[in-house]
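Trainee: Got a minute to go over this model with me?
Mentor: Sure, pull it up.

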Amino acid sequence: ANEGFLYVLFYISLIVSEATPKIFAIDNLDSALNPKLCTKLMKYIYTLACKYDKQIFLTTHNPALLDGINLNDDQQKLFVVSRAKKGGQTRVKALSADKKPVDSEGKPLPLSEAMLRGYIGGLPKGF
């Protein structure tokens, strides 16, 4: 088994285990995972979290993971976290479905594309 497969098994085990707290976090969920798998995994994690009554905070730098989030579902939230250049204060901005970036024709952009274009933040300046 490759490293990504083992991570997926670990994440699923965390969610379904009775020994795992009701609220927990996973840092960099996308480690060693194929981008398309990341999108599917997000949807599956949400399904399992609902079924096993878990609240999970996830971090990522992978835009593909964002496409697995449904901003029209009140149970799913996307927060963009950054630091102020001066003073280093942490800033948290919630992105809701009504504020989802749109293209030049007014159609909603996939969250991955919006992130890569810099529309939702989360990217360092100068990239």
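**Pockets and cysteines**

Trainee: What's the volume of the second largest pocket?
Mentor: About 340 Å³. This is a predicted model: local features need pLDDT of at least 70, side-chain atom pairs need 80 or more, and totals for chains, interfaces and linings use all residues. Residues are numbered from 1 along each chain as its sequence is written, and side-chain values use heavy atoms, without hydrogens and water.

Trainee: What counts as a pocket?
Mentor: On a 1 Å grid over the protein atoms alone, an open set of points where a 1.4 Å probe fits, with protein on both sides within 12 Å along at least five of seven lines. Lining residues have an atom within 4 Å of a point. The volume is the space filled by probe spheres set on the points, which are joined across faces, edges and corners.

Trainee: Which residues line the second largest one?
Mentor: Among them are Val81, Arg91, Gly118 and Lys125.

Trainee: And how much space is in the largest pocket?
Mentor: About 1,100 Å³. It is lined by 32 residues, with Ile56, Phe57, Leu58, Lys77 and Phe79 nearest its centre.

Trainee: Switching topic. How many disulfides (cysteine sulfur pairs within 2.5 Å) does the search find?
Mentor: Zero, across the whole structure. Cys38 is in none.

Trainee: Why no bond for Cys50?
Mentor: Because its sulfur is 20 Å from the closest cysteine sulfur, in Cys38, too far for a bond.

Trainee: Is Cys38 buried or exposed?
Mentor: Buried (under 20% relative accessible area, 1.4 Å probe, protein chains only), at 0%. Cys50 is partly exposed (from 20% to 50%), at 45%.

Key: Disulfide = S-S within 2.5 Å.
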